[in-house]
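Student: I would like to learn how to read a sheet and a cavity. Can we take one model and work through it?

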Amino acid sequence: AAGVMDTSKTLLIRDARADEFDMLREVTLATYGEYADKMPARRWQEYQQVVLAALDKAGPAERIVAEQGSKLVGSVLLFPPAGNIYGKATGPIDWPEVRLLAVLPSARGQGVGAALMEECARRARRMGATSLGLHTSDDMAVAKRMYERMGFIRVPALDFHPTGGQLVMAYRRELGNQAPFLKDELH
């Protein structure tokens, strides 16, 4: 019917509740599961364990989710500055860091990832940060292109190479007074 809003498509970005942590794990594994076919089985199992360990011990991270209808369709972790989330690999980082951005395959292309990233930027500004960072790899080509369209630039000094893994590349975006990451910017 004309003029009737479809609330099933309304996207709500909010903090995750403690009773949703198992669902966060499911969303993240469903998202990252596409890489299982791109890696040797043993490497995928190791990577999956790293992802689950990061989710389970997120420490000071803010757990942010995207809900559409009554279903979680995405999530992300936002660590405070100097969260040292990669340990000795990078050392402390002076800006908030995004980790494990996840969007269910069925919800991709609808601006969910951009909305989660915008919420991270909003929260980073609220912390007083002037930059927002993240790490990614070449395997995550779609996400990498989205980050670059959003204005993230490479910071090679903070790259690292895990044992047996590919290069993990650092990116940062200056926040300043820039416009939000709008869905329209992604097309």
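Student: In which sense do β6 and strand β7 pair, and over how many bridges?

Tutor: Keep in mind that this is a predicted model. Two strands count as paired if at least two bridges link them. Here β6 and β7 (residues 169-174) run antiparallel, over two bridges. For a residue-level view, look at Ile153: it stands opposite Arg172 in β7.

Student: What is the order of the strands in the sheet?

Tutor: Read across the sheet, not along the chain. The order is β1-β2-β3-β4-β5-β7-β6. Seven strands make up this open sheet, and their pairing is mixed.

Student: Which strands stand at the edges, and why is one side of each left without a neighbour?

Tutor: β1 (11-15) and β6 (153-154) are the edge strands. Each has a single partner strand, so one of its sides lacks a neighbour in the sheet.

Student: Now the cavities. How many does a search of the whole structure find?

Tutor: Apply the cut-off before counting. At 30 Å³ or more, the search finds two cavities. The largest holds about 40 Å³ of space.

Student: Which elements each supply at least two residues of its lining?

Tutor: Map the lining residues onto helices and strands. The elements are α1 (21-32), β2 (62-68), β3 (71-79) and β4 (97-103). β3 gives the largest share, three residues. Among the lining residues are Leu24, Ile64, Val76 and Arg99.

Student: How does the lining of the largest cavity split by class?

Tutor: Six residues are nonpolar, two polar and two charged. Arg63 and Ser75 are also in that lining.

How values were computed: Residues numbered from 1 in each chain as written. Predicted model: local features only at pLDDT ≥ 70, side-chain atom pairs only at ≥ 80, totals over all residues. Heavy atoms only, no water. 1 Å grid on protein atoms, 1.4 Å probe; cavity = no way out; pocket = protein on both sides within 12 Å on 5 of 7 lines; lining within 4 Å. Points joined across faces, edges and corners; volume = space filled by probe spheres on them. Helix = DSSP H or I, 4+ residues; strand = E, 2+ residues; numbered from the N terminus. Nonpolar A, V, L, I, M, F, W, Y, C, P; charged D, E, K, R; others polar.
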